[in-house]
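Subject: A structure for you to look at

Hi there,

Here is the structure I promised to pass on to you. Please open it and turn it around a little before you read on, and keep the sequence at hand.

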Amino acid sequence: MATEYAIWAALRRGLPEVHWQRIEGIRGVPDVTGCVAGREFWVEGKALRGNRLRFERGQVAWMIAATRAQRRCWILTSSGSHDWLLHRGSDALRLSREPFDAVEPVLVLPGPRRDYRRLLSALTSDCGFDGDG
């Protein structure tokens with residue numbers, strides 16, 4: 001099972017054209033922000049433990065507020081099978097309350113050979129905004 005840091009390291013290796021900035025020490029703010037071709041996005045990496053995601057204090061509120069402000073916010077989860085699942089930031093509240101498999105991901109990336117082009121396309125798309133599909 002990947003840790004949150006392993007997700008960040010894999011993103012950096014798999015998408016070297018993205019300007020990545022790791023965020024530390026600010027309660028509630030996602031792990032990393034990325035920008036490519038003028039399109040900024042935020043990613044909270046999570047390692048799935050059991051069938052629920054655990055969020056730190058402030059993370060759910062930050063993700064909901066940010067997506068309402070039309071920031072591209074994502075939750076990227078590593079499952080035990082090495083697959084990555086991408087959810088909208090606006091799904092943070094549901095993911096914090098419901099079983100993980102009850103919330104439909106935007107994208108499933110089978111591991112260990114992930115399609116980073118598909119991931120980048122999703123991360124920079126407007127479907128990361130609250131209410132868009």
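Below is what I found in it, going from the whole fold down to single residues.

Please keep in mind that this is a predicted model.

**The whole protein**

Let's start with the overall picture. The protein has four helices and six strands, and along the sequence they come in the order α-β-β-β-α-β-β-α-β-α. Its radius of gyration is 13 Å, close to the 14 Å that the globule rule gives for 133 residues, so the protein is as compact as a globular protein of that length. If you draw a box around the C-alpha atoms along the principal axes, the box is roughly 35 × 35 × 30 Å.

How much of the protein counts as buried? The share is 50% of the 133 residues. The accessible surface comes to about 6,900 Å², and carbon and sulfur atoms make up 48% of that surface. As for contacts, take those with a separation of 6 or more: 53% of them join residues 24 or more positions apart.

Charges are easy to colour in a viewer, so do try that. You should find 20 positive and 16 negative side chains, and the centres of the two sets lie 3 Å apart.

**Two helices and what covers them**

Next, have a look at helix H1, residues 4-14. Its buried residues are Ile7, Trp8, Ala9, Ala10, Leu11 and Gly14. The cover over these residues includes strands E1 (19-22), E2 (32-36), E3, E4 and E5 (84-88), together with helix H4 (116-123).

One residue of helix H4 that I picked out is Arg117. Arg117 is partly exposed, with a relative accessible area of 46%. Leaving aside neighbours within four places in sequence, Arg117 is in contact with Gly14, Leu15 and Glu17. Gly14 is also one of the buried residues of H1. Arg54, by contrast, is 63 residues from Arg117 along the chain, and their C-alpha atoms are separated by 28 Å.

Helix H2 spans residues 59-68 and is mostly covered, with seven of its 10 residues buried. Those residues are Gln59, Val60, Trp62, Met63, Ile64, Ala66 and Thr67. Among the elements that cover them are strand E3 (39-47), strand E4 (73-78) and helix H3 (92-97).

**A buried threonine and a loop asparagine**

Strand E4 contains Thr77, which is buried with a relative accessible area of 0%. Which residues does Thr77 contact, leaving aside neighbours within four places in sequence? They are Lys46, Leu48, Leu53, Asp83, Trp84, Leu85 and Phe100.

Phe100 turns up again when you look at Asn51, a residue in the loop between E3 and H2. Not counting residues up to four places away in sequence, Asn51 touches Glu98, Pro99, Phe100 and Asp101. Asn51 and Pro99 are 48 residues apart in sequence, but their C-alpha atoms are 5.5 Å apart in space. Asn51 itself counts as partly exposed, at 34% relative accessibility.

**Two positive phi angles**

If you are practising backbone angles, here are two residues to check. Ala37 sits in the loop between E2 and E3, and its phi is near 50 degrees, a positive value in a residue other than glycine. Ala37 counts as exposed, at 79% relative accessibility. Gln70 comes just after H2, in the loop between H2 and E4. The phi of Gln70 is near 65 degrees, again a positive value in a residue other than glycine, and Gln70 counts as exposed at 54% relative accessibility.

**The cysteines**

A disulfide is a covalent bond between the sulfur atoms of two cysteines. How many disulfides does the structure hold? The count is zero. Why does Cys35 have no bond to Cys73? The closest cysteine sulfur to that of Cys35 is the one in Cys73, and it is 14 Å away, too far for a bond; a disulfide calls for sulfur atoms within 2.5 Å. The surroundings of these cysteines can be compared too: Cys35 counts as partly exposed, at 29% relative accessibility, whereas Cys73 is buried, at 0%.

Enjoy exploring, and write back with any questions.

Best wishes

Key: Residues numbered from 1 in each chain as written. Predicted model: local features only at pLDDT ≥ 70, side-chain atom pairs only at ≥ 80, totals over all residues. Heavy atoms only, no water. Rg over C-alpha atoms; globule rule 2.2 N^0.38 Å. Buried < 20%, exposed > 50% of the residue type's maximum accessible area, 1.4 Å probe, protein only. Contact = heavy atoms within 4.5 Å. Areas by Shrake-Rupley, 256 points an atom, 1.4 Å probe, with all protein chains shown as cover. Lys, Arg positive; Asp, Glu negative; His and termini not counted. Charge placed at Lys NZ, Arg CZ, Asp CG, Glu CD.
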